[in-house]
Amino acid sequence: MEELDKERRRLLQREADVERLNTLHHEAVHSGIKLGPRDRLKAAFHLTRAWKTAKKEGMRKEEFQDTVCARLQRNHSNRREFRLSNWTLRNGEDPATQDLMKKYEKKSTPQKALEPYLVGITVAAEHCGTDPDDWKLAMLRELSLWSRKTRQAGVAPPDDRPSETLAILVKALCSDLGDSNRLGDTFDAIQRMSCEWEMFSDQLVATENSNMESVEELLGYMFGECGEPETMFPFPSVPFLNVPYLFARPEVFHLAPEALLRPLDGDHLASGKYLCPGAGVTGEMGGKRHYNIPEDAPGKKAVSGELYWIREIRLCIVPDGRRGFMGAFESRPRVEVRFDDAHEFGGTHHVIGGYDLALERALPTARADDGGPVFPHIRSRNGDFWRVTIPSNSDGSIKVTDEIERAPSWVFDYDPVCAPGAELSDPFLLSYTPASAPYLRYWLTQDWAVTNVSKRANQLIASCPWAPSHNLATAKFDTVWARNLPPLYELNFPDRSNATWIECCLHNGLIKEALQEKIDLLQEQTSRLQADWHAARERNSNALLRRWKSGSEAKDTQE
């Protein structure tokens with residue numbers, strides 16, 4: 001009985017200690033707890049020991065530093081990375097058995113902030129399969145701040161473990177899919193060919209003049225703005241969240257059947273009355289405008305509708321720079337229009353090829369099956385394609401009867417966590433950021449409602465394609481949704497936020513299946529394109545040899 005009482009008291013004491021640990025961690029993040037001269041040496045000793053143990057278990061220094069940096073929550077204007085050497089002691093140094101105060105008296109390292117020590121020890125313990133609380137409590141109990149009186153919290157303070165855990169799950173999924181599918185070989189094959197990715201049709205196509213960014217260039221763009229959709233690399237990706245930035249009701253939309261316009265496009269473009277398709281000009285220049293739907297277009301309709309400018313946040317698989325893979329967020333433009341169901345093209349539609357506000361510019365380089373430009377268009381319920389545009393003023397602006405903007409400018413910010421308010425130079429550019437805890441928390445834990453527009457706030461609420469409301473009508477919902485799904489109250493995010501539905505679809509495998517489908521599509525396209533290239537280069541080389549042999553200057557492309 002006495003032994004049971006001792007064990008019970010021990011468990012109660014540990015529970016109280018863990019609660020106090022969480023309180024100190026919360027204060028370290030939000031108040032910036034600094035350690036004294038002696039305490040920083042003790043904390044550095046424990047972090048040094050934790051790191052050495054993790055290193056013996058196979059953890060790489062770069063991986064450790066990157067993981068710690070990604071988990072740090074307290075903002076620091078000068079912090080761009082976590083350097084282990086700024087937080088550890090030299091080999092063999094132990095403040096418990098050596099007097100190190102004088103040696104480190106005038107040195108700025110080990111640094112004083114408490115949070116990095118707690119996070120670093122957590123990362124090392126998790127890698128070693130040990131309860132991080134044990135290692136962190138061992139450190140804190142040696143520090144003078146542990147003996148200070150702290151307010152006894154009734155409940156555990158908020159922490160970022162849910163976001164950190166979700167980030168770990170996302171990284172593990174992307175890493176596993178990248179390795180198991182040998183995505184590195186696919187990426188290498190794509191970069192050896194002259195090709196480009198047509199984002200709107202999700203197609204990899206051969207091209208005479210490839211403007212595709214290399215993988216290395218895109219990794220260098222992380223945390224910054226990138227290029228246009230047609231220069232991006234085809235990283236396999238699936239949508240995570242759609243965040244509307246602009247809602248508007250133009251005075252009128254013009255639509256016309258694509259099938260009736262295609263035979264007429266060539267003559268109109270050759271007339272010299274219009275700008276070059278995809279030219280980087282808004283509105284009118286030199287008396288010329290962009291060509292889209294001519295005034296005398298057959299089947300042309302003028303209808304009212306709604307326009308939505310959306311920032312689509314997608315999870316993509318990218319190289320991690322260490323011969324592995326990780327998850328990243330690809331932020332791309334998405335334009336949607338909504339028309340009354342009375343029309344044959346009624347409903348809500350993604351505008352294929354839509355990337356400017358008036359929907360008037362063709363894509364700069366993408367080509368349709370007939371070799372002509374790709375103009376903004378939608379697909380109706382019966383499968384027909386309708387070209388769509390909005391009549392604009394000479395400066396490219398459009399007349400609207402109703403409008404809601406998320407911010408004074410509807411242009412997107414390329415990195416809302418590290419560079420809030422820094423906007424893309426053009427709204428149709430893409431950007432990439434890591435799918436780490438701060439970004440997952442930023443995008444997925446708020447509904448994005450516009451609070452300053454009381455009557456129409458619901459027009460600008462983010463939508464998650466993995467939410468049950470988007471999957472109820474699918475055949476998979478009844479059979480797959482609950483597969484391997486824990487009870488909602490046991491999730492990291494039980495609050496029915498967008499993060500909840502992402503977590504659910506990691507458990508039931510829907511996100512993994514969707515990413516695998518994208519990988520399969522990319523590898524099938526790459527394989528077909530590569531086979532065509534190999535056959536063509538052999539055919540052309542043999543033809544050249546025959547021409548030399550025969551002395552003929554005529555082009556011969558026979559096998």
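Let's start with a side-chain pair: Asn181 and Ser180 make a polar contact through their side chains, at 3.5 Å. Keep in mind, everyone, that this is a predicted model.

So where does Asn181 sit? Asn181 belongs to the loop that links helix 6, residues 161-180, with helix 7, residues 183-192. And is Asn181 buried or exposed? The relative accessible area of Asn181 is 16%, and because buried means under 20%, Asn181 counts as buried. If we set aside residues up to four places away in sequence, Asn181 touches Gln516, Ile519 and Gln523. That's a nice trio to click on while you have the structure open.

Now let's move over to the strands, with strand 6 as our guide. Strand 6 covers residues 305-319, and how many of its residues are buried? The count is 15 of 15, so to speak, mostly covered.

Strand 6 has two pairings to show you. With strand 3, residues 237-250, strand 6 pairs in the antiparallel sense over ten bridges. As one register point there, Glu312 in strand 6 is the bridge partner of Asn242.

The other pairing is with strand 7, residues 325-339: antiparallel again, over 15 bridges. Here you can find Arg314 standing opposite Glu330 of strand 7.

Strand 6 and strand 7 also form a hairpin, with five residues between the strands. If you like backbone torsions, look at Gly321 in that hairpin, which takes a positive phi near 85°.

One last thought for those browsing the side chains: in a regular strand, they alternate between the two faces of the sheet. Thanks, friends, and over to you!

Methods:
Residues numbered from 1 in each chain as written. Predicted model: local features only at pLDDT ≥ 70, side-chain atom pairs only at ≥ 80, totals over all residues. Heavy atoms only, no water. Helix = DSSP H or I, 4+ residues; strand = E, 2+ residues; numbered from the N terminus. Buried < 20%, exposed > 50% of the residue type's maximum accessible area, 1.4 Å probe, protein only. Polar contact = N/O pair within 3.5 Å; in protein donor to acceptor, adjacent residues only side chain to side chain. Contact = heavy atoms within 4.5 Å. Pairing = 2+ DSSP bridges.
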